[in-house]
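Let's take a friendly walk through this structure, stopping at its ligands, its aromatic rings and a few points of the backbone.

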Amino acid sequence: MSNHSHDAQHPLNAIEHAEGNVVLEGIKAIAQGFATVLKHHPREAVTLEYPEVMPELSDRFHGRLSLLSKSDDTDLCIGCQACARVCPCDDLIQIDMHRDDDKKPVVTRFTIDMGRCIFCGNCTEVCPVDCIKMLSDFELADYSREALVLDKKDLTLSGQESDEWRAKRGYTPTVL
Amino acid sequence: MMSVKELNPELQSNLPGVSIEAGFDTNDLVVNIGPQHPSTHGVLRLVTTLNGEVVKEMEPVIGYLHRSKEKMGESRSLFQYQPTIDRVEYLSSFYDHLVFVNCIEQIADIPVPKRVEYIRVICLELNRITSHLLWFGTFLLDLGASTPFFWCFRDREEVFTIFENLTGARMMYNYFRFGGVNNDLPAGWLEEVRAFCNHFPDRLDEYEAVATKNPILMDRTKGHGIMTKEFCLKYGVTGPALRATGEALDLRKTNPYSVYNELDFDVPTHTGCDTYARYLVRVQEMRESIKIIKQCIDKIPGGDGGALAILKKEVEAKTKEAKKNPEIVVPHWDKDWDTMGKKINLLTYKPPAGEASNFVESPRGVLGCYIITDGTPKAYRIKWRGASFSNLSALPELMKGHMYSDLMAIFGSLDVIMPEVDR
Ligand code: SF4
Ligand code: SF4
């Protein structure tokens, strides 16, 4: 190191001339770093072996959308279009409904294009009868875009499943 | 051919021992960095003119991520627009929501209960930690240290689980509402946050043990990318980059919003002005955030969500009964414990005509929103002010005369995120 000791401008000398012994400090810092890394060795792994081990999801998880039914398996949805109107993705939810002879609403078509859904949960918030809700299902991949357009049959849960959902998430439905 | 020195007499390398006055002739080389480059943190293209290895000129080309966020707001009702705000700046989307709902609260004069303010501050500060953690990991990764990157993701994951338990989503929360929040805290949530706050400072110590004193990091950051206070103010650079010049501009302290004036915290500053100073300020900010969250947990009116939800149900039931039978005593319910300041039908909500602007201190600097409403459910005009845009605009001048290899260290220290630049 003495070869360039006369040249104070040389970068290697700048290190030597700095306060304290920078080289020693550096070695110390690197050794400390290595020690910290080694400390991690006996710790338990935090990663999960998905899909063998599934993550534990919260009760509020924003997953696949579904339509809950009444306990007796009849439709809960009244076709009010509220969910379609607050959806940020415009025509993502499409609903056809008419009223039968007793003026009761009958929903004939209900499709959701899951491929374009951004899982924001807006629709679940405005539904007046707590019908459209989110499940914890997140494995939605499919082979085509068309397969991701779910119709009423795919979306509707049976009365029993709906009751289980409501019990799990502590929901008291407004209308039943 | 002229020598480099004659071509551009001002061009001076500011590195010790590196001289560009070499006695040979060179041609400038134009290099395209990005738009797909792992270190540009998104799709940024930097058209760089190099003189040898020294940057002579640099021009950022932006707009690859432009999604017309401002125009989208004009064609959607406010509530319909809200989920898309998360995507303005996806690393700290609670902040985007906060400025947005604050503007509407100002226009429509909606009261915000104390409990909501505290919930919001806890979310915001946790979000600052996740944002800084991602910066910490990628900044060191750009400098060649790959271990801390995984540690940061481990700890971010923990906070994301906390967020998921609260909002149902890990990054796109859509949680704040006009005058409140979407959902009250779930039972035991505050304890989860407290547990995180208790062990996170130790984790930070570990991060610092591998990085802060590391000679390679110090060599690559100390004295590089010097931004003086005047330079920052000229370009509108805010956030940790400005505080690393010794200017303690932090809107949480200087223009307190929400409940920040009730909380005790410091604004970390540094006078180094260089990349290293910006690094130190951000790490210190994470510690301050922990301090703020701990105070919020102790101070939050109503406490944990579980007991409060039971009490709320009881109050609602008893109030109904009390209408019929005046002898029934309704348990005490404080207005501060509400999660909504005013009942709003989100489907048909129309704010009155008016305008408001709001600025908050996001992890990257001053984030602002300006809204004009005209009495319809839609906004007439929405304007976003993102800190990343201003911070990025300072890069070309900052890089002049620096080595090409310093680019990623200096650019990384500005903590620019492209969706916020392009919007
Ligand atoms: S979750 Fe959001 S994007 Fe998806 S259908 Fe509901 S409102 Fe539309
Ligand atoms: S808001 Fe509810 S009831 Fe109305 S159409 Fe949608 S799912 Fe049916």
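## Around the ligands

Ligand 2 is surrounded by 13 residues, and the closest are A:Cys77, A:Cys80, A:Gln81, A:Cys83 and A:Cys127. Please keep in mind that this is a predicted model. Ligand 2 sits in the largest cavity. By class, its shell holds eleven nonpolar and two polar residues, with no charged ones.

Ligand 1 has 14 residues around it. Those that come nearest are A:Cys87, A:Cys117, A:Cys120, A:Gly121 and A:Cys123. The space that ligand 1 takes up is the second largest cavity. Its shell divides into twelve nonpolar and two polar residues, and no charged residues are found there.

## Aromatic pairs in chain B

Now for the rings. Counted over all chains, the structure holds 25 aromatic pairs. One of them joins B:Tyr81 and B:Phe100, with 5.6 Å centre to centre and 70 degrees between the planes, an edge-to-face arrangement. This pair links distant parts of the chain: B:Tyr81 belongs to helix 3 (residues 78-85) of chain B and B:Phe100 to helix 4 (residues 93-108) of chain B, 19 residues apart. Are these two rings' residues, B:Tyr81 and B:Phe100, buried or exposed? Both B:Tyr81 and B:Phe100 are buried.

A second pair to look at is B:Trp135 with B:Tyr279, which is tilted, at 6.1 Å centre to centre and 50 degrees between the planes. Here too, distant parts of the chain are linked: B:Trp135 is in helix 5 (residues 114-142) of chain B, while B:Tyr279 is in helix 12 (residues 275-299) of chain B, 144 residues apart. B:Trp135 is buried, and B:Tyr279 is buried as well.

## A cluster, and charges over rings

The tilted pair of B:Trp135 and B:Tyr279 is part of a wider group. Which residues form one aromatic cluster with B:Trp135 and B:Tyr279? They are B:Phe136, B:Phe139, B:Trp151, B:Tyr207 and B:Tyr276.

B:Trp135 also has a charged partner: the charged end of B:Arg282 sits over its ring, 4.8 Å from the centre. Elsewhere in chain B, B:Arg156 lies over the face of B:Phe153, 5.1 Å from the ring centre.

## Backbone details

Most residues other than glycine have a negative phi, and most peptide bonds are trans. Against that background, three places are worth a look. The peptide bond that joins A:Tyr50 and A:Pro51 is cis, with omega at about 5 degrees. A:Pro51 lies in the loop between helix 2 (22-39) and strand 1 (65-67) of chain A.

The other two places concern phi. A:Phe119 is not a glycine, yet its phi is positive, at about 55 degrees. You will find A:Phe119 in the loop between strand 3 (105-113) and helix 4 (122-126) of chain A. Why does A:Phe119 count as partly exposed? Because its relative accessibility is 24%, and partly exposed covers values between the buried limit of 20% and the exposed limit of 50%.

B:Cys273, also not a glycine, has a positive phi of about 65 degrees. Its place is in the loop between helix 11 (251-254) and helix 12 of chain B. The relative accessibility of B:Cys273 is 13%, so B:Cys273 counts as buried.

Terms used:
Residues numbered from 1 in each chain as written. Chains lettered and ligands numbered in written order. Predicted model: local features only at pLDDT ≥ 70, side-chain atom pairs only at ≥ 80, totals over all residues. Heavy atoms only, no water. Phe/Tyr/Trp six-rings, centres within 6.5 Å; stacked < 30°, edge-to-face > 60°. Helix = DSSP H or I, 4+ residues; strand = E, 2+ residues; numbered from the N terminus. Buried < 20%, exposed > 50% of the residue type's maximum accessible area, 1.4 Å probe, protein only. Lys NZ or Arg CZ within 6 Å of the ring centre and 35° of its normal. Near = heavy atom within 4 Å. 1 Å grid on protein atoms, 1.4 Å probe; cavity = no way out; pocket = protein on both sides within 12 Å on 5 of 7 lines; lining within 4 Å. Sits in = over half its atoms within 2 Å of the grid points. Nonpolar A, V, L, I, M, F, W, Y, C, P; charged D, E, K, R; others polar.
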